[in-house]
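Okay, thanks everyone for coming. I'll put the structure up and then walk you through the parts I looked at.

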Amino acid sequence: MPSDDRNQAGTPRTVPAPDVPPPAVPPERAAHPGQGPAPALREQPPPAGKPAGGYGAVFAVREFRAVFAAHLLSLLGVVVSELALTVLVYELTGSPLLSALTFALGFLPYLVGGTLFAGVADRYPARRVLVACDLICAGCVAVMVLPGTPVGGLLALRCLVAAVAPVFTGTRMAALTDILGEGDLYVLGRSLLRLVSQSALLIGFGAGGVLLAALSPRGAITITVGTFLCSAALLRLGTRARPARTGGEGGGALMRDSLAGARVVLADRRIRALMLLFWVPALFVVAPEALAAPYADAIGAGPAALGLLMCSMAVGHIGAELYTGTVLGPRARSRIVLPVAAVGLLPLVMFAFRPGMAPTVAVLVLAGAGAAYVIGLDQWFVDAVPEHLRGRAMTLLTAGLMTVQGIGMALAGLAAEFFPVHQVVAASGAIGTVCTLFLVAEVRRTGVRYRSARQG
């Protein structure tokens, strides 16, 4: 499934010490009428006071290994299919606009799917939702492969896959708290999935290019049917059946339930501030990616340099995530959230001086490294969201994150029609920093109230 984990911080109860997750089956979820006995105990993280063991401890959890492998397969499949479908639409129509629209449709339906169908994540058992999403995507891709499928049908199927994506991602994020607990293992598990997402962007486009050199676009798309089916099989056979979070599958219309959940989540000042701290930096940090081609042209760089510019931020993100996840402990990750979020976009201001190729790459790597604050923010967010709303909150978070990135790219492109590219990127860094500073202050204020409420 497409991932929310491209570029992504609240205040913990105090500062998160090595967290101990709640019991595998909280009392209120011990059993639900009509759902049979309570699920088996989840594999537990180390007890308090003992180191979690870093990423290795996460991979020691059998269910997580299945989730990780499924994520890798489906994500590579999505990246390859996006590239192949874009080429296919261009071959059928000869229209650059429709070809670009095919790629953009990967962003646009996120908001619709994440808002209207978020209730699925809490209303139905997580494993069932995840497997169903993969099967829906496999079916959509299989129809794309049929020679008689018109261009309009290809675009509609692309929209459906993108609308399913936030439900899948939000459900998986919430399910990780069942598999890994709500403490440090959850944070590191989320980090690993983000690392896979960043790496897939680097590897997937390269793999897609190789496949398109050897196969037709429809042939390359056919391979992704298999990746979705393998992902579904891994999730079905490799994870445990657990009851729905809301204790049943009824309870009113799905869309009404989804919208009501979104209203409850966004009405909470603390959750809203944390969610915005995920979204707002992502809105501005995509500007250099969106404008990489015109900027490379402006500084006289060639096609190879363009590829380097496109992957520089991902390299910075991966390096910072690995360092934060392996070297820093939970307390240190919490302490850096607000400072790093506050300055993460500042490197983009250097574009005002229209730097050459080498300085530009360094600036983009630094901007990518600004995502280091997200690991700590993941912990704050899961602490703040009530367990019964977790699936809906995380689906909404995913949908908003992908939507703001699409909006950010569009706004950067629009601004570049009227101003030089380097000025647009520099302005994105400056305006984004100001907006993030306001958010940092709000998160700090809500953190004080959140701690007082819990202690009271």
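So, aromatic pairs: going through the whole structure turns up five of them, and keep in mind that we are looking at a predicted model. A pair of rings like this is described by the distance of the centres and the angle of the planes. Take Phe59 and Phe68: their centres are 5.0 Å apart and their planes sit at 80°, which makes the pair edge-to-face. Are these two rings buried or exposed? Well, Phe68 counts as buried, at 18% relative accessibility. That's because the cut-off for buried is under 20%. Phe59 comes out at 30%, so we call Phe59 partly exposed. And there is a third ring to mention here, since Phe59 and Phe68 form one aromatic cluster together with Phe64.

Phe64 takes us to the core. The largest nonpolar core has 109 residues, and Phe64 is among those with the most contacts inside it, along with Leu180, Ile221, Met275, Leu277, Phe351 and Phe381. Which helix gives the most to this core? That's α7, residues 151-180, with 13 residues. As background, nonpolar side chains tend to be buried together in soluble globular proteins.

Let me zoom in on Phe351 for a second. If you ignore neighbours within four places in sequence, Phe351 is in contact with Pro288, Tyr295, Thr360, Val363, Leu364, His422, Val425 and Ala426.

Okay, charges next. How many salt bridges does the structure hold? Eight. I'll go through three.

The first one I picked is Arg242 with Glu63, where the closest N and O atoms are 2.9 Å apart. Arg242 is in the loop between α9 (217-238) and α10 (254-267), while Glu63 belongs to helix α2 (residues 62-93), so this pair ties together parts that are 179 residues apart in sequence. Glu63 is buried, at 0% relative accessibility, and Arg242 counts as buried too, at 13%.

Then there's Arg333 and Asp184, with 2.4 Å between the closest N and O atoms. Here helix α15 (residues 330-343) supplies Arg333 and helix α8 (residues 184-214) supplies Asp184, so the parts tied together are 149 residues apart in sequence. Again, buried or exposed? Arg333 is buried at 5%, and Asp184 counts as buried at 11%.

My third is Glu321 with Arg194, a salt bridge at 2.9 Å, N to O. Glu321 sits in helix α14 (residues 303-326) and Arg194 in helix α8, so the pair ties together parts 127 residues apart in sequence. Both side-chain owners, Glu321 and Arg194, are buried. What else are they linked to? They belong to a network of salt bridges that also takes in Arg190 and Asp378.

Last stop, the surface. There's a nonpolar patch out there, formed by Ile407, Leu411, Leu414, Phe418 and Phe419, and together they have about 550 Å² of accessible area. Where is Phe418 found? In the loop between α18 (390-416) and α19 (421-455). Phe418 has a relative accessible area of 64%, so this residue is exposed, because the cut-off for that is over 50%. Compare that with Phe68 from the start, which counts as buried at 18%.

That's my tour, happy to go back to any of it.

Terms used
Residues numbered from 1 in each chain as written. Predicted model: local features only at pLDDT ≥ 70, side-chain atom pairs only at ≥ 80, totals over all residues. Heavy atoms only, no water. Patch = residues over 30% accessible without salt bridge, like charges linked within 9 Å, V, L, I, M, F, W, Y side chains within 5 Å. Areas by Shrake-Rupley, 256 points an atom, 1.4 Å probe, with all protein chains shown as cover. Salt bridge = Lys/Arg side-chain N within 4 Å of Asp/Glu carboxyl O. Helix = DSSP H or I, 4+ residues; strand = E, 2+ residues; numbered from the N terminus. Buried < 20%, exposed > 50% of the residue type's maximum accessible area, 1.4 Å probe, protein only. Phe/Tyr/Trp six-rings, centres within 6.5 Å; stacked < 30°, edge-to-face > 60°. Core = buried A, V, L, I, M, F, W, Y, C linked by side-chain atoms within 4.5 Å. Contact = heavy atoms within 4.5 Å.
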